[in-house]
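Q: I am new to this structure and would like a close look at a single part of it. Please start from one residue and its surroundings, and then place that part among the others.

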Amino acid sequence: MFALEEINRDSNLLPNISLGFHLYNTYHSDERTLESSLRWLSGQGQFVPNYQCQDQEKPVAVIGGVTSALSMQMGTLLDLYNFPQISYGPFDSTLSDKVQFPSHYQMALKDSSLHQGVVLLIVYFKWNWIGLVATDDMRGEEFLWKIREEMVKKDVCVSFTEKIPVSERRHMESHETFMPRIIASSSNVVVIHGDTDSLMILRYSQMPVFPIGKVWIATSHWDIVMRPIDDQGHAFHGALTFSYKMSEIPGFETFLKTIAPFKYPDDVLLRRFWISAFKCSDQMGNTEQKMCSQNASLETLPLCSFDMAMSGLSYTIYNSVYAVAWALHEIFTRKSEKGSVGDQEYLVFHSWQLHSSLKNIQFNNSAGDQVFVDENKRSEAQYAIMNYLLFSNEVDILVKVGQFVPKAPSGQDFTICEDIIVWGSSWDAKVPHGVCNDPCGLGSRKTPLEGQPVCCFDCSPCPEGEISNKMDAEHCTKCPEDEYPNKQRDHCLPKMITFLNVKEPLGMIFTSMAVSFSFLTALILGVFVKFQDTPIVKANNRTLSYTLLISLNFCFLCSLLFIGHPTTATCLLQQTIFAVVFTVAIASILAKTIIVVLAFKSIRPGSRIHMFMSPRLSIYVVLICSGIQMMFCGIWLGTYPPFPETDTHSEYGHIIIRCNEGSVFAFYCVLGYMGFLALATFIVAFLVRNLPDTFNEAKFITFSMLVFCSVWASFLPTYQSTRGKAMVAVEIFSILASSAGLLGCIFIPKCYVILLKPQRNTQKQVRNNQHSNGKIFSGAQPYALSSGNNRFED
């Protein structure tokens with residue numbers, strides 16, 4: 001009405017020609033749409049197919065089709081007569097098929113970027129669990145396909161998809177379960193794509209009497225305020241809608257303020273709307289309702305009854321009427337140029353002739369916007385994001401809270417003012433919760449659930465040694481080698497460098513023990529040197545005793561190489577010196593034992609062993625045994641020598657600096673060789689433990705080797721099961737314990753006799769013992785082995 005009045009007043013557009021219109025209702029029904037279309041073609045009254053019953057006011061074009069389904073129903077019939085059809089409903093790519101719909105023109109702006117704006121809004125509020133509602137037609141399918149593809153790119157998941165039937169019959173079948181299914185879903189955010197006509201199901205669906213706690217995101221062609229005026233309106237309170245961003249048409253609001261039924265007495269629809277909206281009656285004598293006021297105005301109605309702002313559909317209708325007018329103007333202008341102005345035949349033409357002009361029409365409307373009928377020249381729609389608010393006094397408004405401008409530079413295409421958004425009453429002014437799972441916190445990672453979308457997951461703590469320092473981490477990251485995770489596993493801490501330090505309690509204890517035992521060994525050596533001419537010293541081969549004591553002293557001191565910061569020098573010396581000095585000690589004990597055996601064997605009559613007895617035998621035994629060990633150590637150092645290394649894994653939160661053995665095989669060969677000598681010494685000493693030795697040294701050697709073998713037998717499994725400083729501590733303890741066992745078992749009894757029982761350390765006492773032992777030895781005359789002048793003395 002507004003567009004036609006403007007055109008008829010414009011002297012430059014269709015001069016001397018007035019345009020009129022007939023308004024037909026489609027009732028949201030395929031059947032009624034076909035009926036109205038056929039009635040329009042036949043003329044008012046009884047419709048007759050293929051007949052035009054109007055002599056005057058012949059129609060030239062149809063502006064209609066609020067939905068694609070209705071446009072298709074109309075187009076099926078109108079195309080038979082080649083009538084131009086201009087639809088003002090949402091743009092549908094299906095209707096662009098000129099083979100199927102050759103007489104159809106779409107005036108709506110393209111919505112091809114709408115899905116991107118909706119997803120940008122979803123991502124902005126960090127929602128990822130979304131319900132989708134769309135019409136069950138090609139346009140709805142196209143939107144669902146596009147928005148799903150965009151959601152996948154942004155890691156947003158679809159909770160459910162609900163398709164609304166566009167058929168009136170199926171509408172009534174599904175409306176009772178449609179809204180309950182949405183309410184029962186786990187998603188709190190629902191995107192609705194459709195238009196006012198196809199979403200009529202929301203007017204009839206059962207609404208709960210309590211807030212349902214959903215956030216509704218409506219797309220451009222659903223007029224959210226078109227709802228029943230009752231207590232169900234709060235269900236959409238706080239909804240966000242994408243509305244066309246349009247220029248204001250001058251004079252339109254003034255036109256709406258002056259509209260009234262008495263001004264348009266033939267408009268039946270306006271009269272019915274007026275009575276319904278103002279709850280009044282235009283008939284005298286009606287006692288149930290008040291009389292309609294002559295001063296009533298549409299601007300006094302609430303938003304739920306009438307919106308004074310021009311909607312996207314109205315804006316498209318306005319441009320559609322002007323497009324037809326400009327096409328007619330072009331046709332009449334061409335005809336008037338060919339014929340006489342006074343000849344009225346140029347006003348007579350067929351509707352199909354409008355196509356040639358209509359498809360090429362472009363003009364600027366009164367708002368200054370450029371309008372194209374050609375779809376290929378039309379631009380993308382721009383959107384204003386509106387927040388729908390319903391107050392307790394049934395006053396509702398739409399507040400602009402943002403906008404989406406496709407093709408704009410990145411960062412300027414989408415803007416939103418979060419602070420002015422009012423959410424539904426269930427959210428207490430907080431941004432609604434729209435995720436499948438609560439986000440995984442720091443120190444954890446997302447674990448996918450089998451058979452579930454990627455947005456639904458479990459949160460698992462990061463594995464040992466890894467961290468995550470951001471929310472919803474897909475993977476945990478390992479800390480650098482010199483760092484370790486904190487207890488919360490959300491950031492890395494520098495590791496403490498550690499080694500067996502002489503300043504720590506364990507290091508001080510081992511150092512004190514090594515020095516003390518070394519000092520004790522030195523005292524015993526001093527006692528033996530001072531009393532070197534006494535029988536007990538001479539009888540046990542004092543040269544071997546000196547060698548053993550000196551080697552034991554080095555054994556105690558070599559443990560100090562294991563304490564302190566490992567260096568290349570200390571790592572090379574640790575195992576080699578330990579191996580050599582222990583081999584010398586064990587070889588000295590072995591030599592002692594062998595000489596005892598040979599001594600008792602050689603004194604038997606006719607024994608040939610006497611020819612092997614040499615004063616240098618003990619030296620040869622020590623040198624040969626030690627030489628073999630030195631050869632092993634030389635090969636070890638020449639191939640894969642020990643070296644210092646940092647151990648970052650053995651102890652949590654620490655970097656242990658220790659010596660790597662280099663060749664583990666060589667290390668165990670050295671230990672194995674020492675074990676072989678110790679076992680051989682133990683066996684020989686055990687066999688001769690009951691020989692009539694003057695001072696029972698064979699028994700002492702047997703016991704000392706038993707202690708030695710026990711210590712090192714327990715060392716191997718303990719050493720393998722420990723890590724870090726404990727390995728070093730176990731080896732130091734084994735060195736000190738085994739050395740102390742040899743020192744205590746062999747030399748402490750002798751020192752006891754030398755210092756506390758000097759009467760037993762005389763030549764007379766030795767002879768008495770020899771005489772007593774001789775009886776036990778079945779008449780054989782025993783000898784005490786002396787090393788004073790490297791000969792056997794009686």
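A: The starting point is asparagine 364, which sits in strand E11, residues 362-364. The model is a predicted one. With a relative accessible area of 53%, asparagine 364 is exposed, because the cut-off for exposed is over 50%. Once neighbours within four places in sequence are set aside, asparagine 364 is in contact with Asp369 and Gln370. Tyrosine 322 is 42 residues away from asparagine 364 in sequence, and the two C-alpha atoms are 9.8 Å apart in space.

Some figures for the whole chain give the setting. The chain has 20 helices and 26 strands. It holds 794 residues, and 48% of them count as buried. Of the contacts between residues at least 6 apart in sequence, 66% join residues at least 24 apart.

Asparagine 364 is exposed, whereas isoleucine 735 is buried, with a relative accessible area of 0%. Isoleucine 735 belongs to helix H19. Leaving out residues up to four places away in sequence, isoleucine 735 touches Cys555, Cys558, Ser559, Phe562, Phe578, Phe582 and Trp712. One of these, tryptophan 712, lies 23 residues from isoleucine 735 in sequence, with 8.7 Å between the C-alpha atoms.

Next comes the pairing of two helices. Helix H18 covers residues 697-721 and helix H19 covers residues 725-756; their axes come within 9 Å and cross at roughly 175°. H18 and H19 are therefore roughly antiparallel to each other, since angles over 145 degrees count as such. The contact of H18 with H19 is made up of 18 nonpolar, 5 polar and 3 charged residues.

Helix H12, residues 505-530, contains serine 518. Serine 518 is buried, with a relative accessible area of 9%, because values under 20% count as buried. Apart from residues up to four places away in sequence, serine 518 touches Asn553, Phe556 and Leu557. Along the chain, serine 518 and leucine 736 are 218 residues apart, yet their C-alpha atoms are separated by 10.0 Å.

The enclosed spaces come next. Over the whole structure, a search finds 8 cavities of 30 Å³ or more. The largest cavity has about 190 Å³ of space. It is lined by 19 residues, and those closest to its centre are Phe562, Gln574, Arg658, Cys659 and Val728. Phe562 is also among the residues that isoleucine 735 touches. Helix H15 (568-602), strand E24 (654-660) and H19 are the elements that give two or more residues to the lining of the largest cavity. E24 gives the most, with 4 residues. By class, the lining of the largest cavity divides into 11 nonpolar, 5 polar and 3 charged residues.

From cavities the account moves to an open space. The second largest pocket has a volume of about 710 Å³. Lys126, Trp127, Asn128, Val435 and Asp472 are the closest to its centre among the 30 residues that line the second largest pocket. At least two lining residues each come from helix H4 (114-124) and strand E16 (444-448). E16 supplies the largest share of the lining of the second largest pocket, 3 residues. The lining of the second largest pocket has 17 nonpolar, 6 polar and 7 charged residues.

One more helix remains. Helix H3, residues 68-78, is mostly covered, with 8 of its 11 residues buried. The buried residues in H3 are Ser68, Ala69, Leu70, Ser71, Met74, Gly75, Leu77 and Leu78. Two helices and three strands are not described further here, but they are the partners of H3: its buried residues pack against helix H2 (30-42), strand E1 (62-63), strand E2 (85-87), strand E3 (104-106) and helix H5 (138-153).

To return to the starting point, asparagine 364 in strand E11 is an exposed residue, while serine 518 in helix H12 and isoleucine 735 in helix H19 are buried, at 9% and 0%.

Conventions: Residues numbered from 1 in each chain as written. Predicted model: local features only at pLDDT ≥ 70, side-chain atom pairs only at ≥ 80, totals over all residues. Heavy atoms only, no water. 1 Å grid on protein atoms, 1.4 Å probe; cavity = no way out; pocket = protein on both sides within 12 Å on 5 of 7 lines; lining within 4 Å. Points joined across faces, edges and corners; volume = space filled by probe spheres on them. Nonpolar A, V, L, I, M, F, W, Y, C, P; charged D, E, K, R; others polar. Axes fitted to C-alpha atoms, helices over the stretch in contact; angles between N-to-C directions. Parallel < 35°, antiparallel > 145°, perpendicular 65-115°, else oblique. Buried < 20%, exposed > 50% of the residue type's maximum accessible area, 1.4 Å probe, protein only. Contact = heavy atoms within 4.5 Å.
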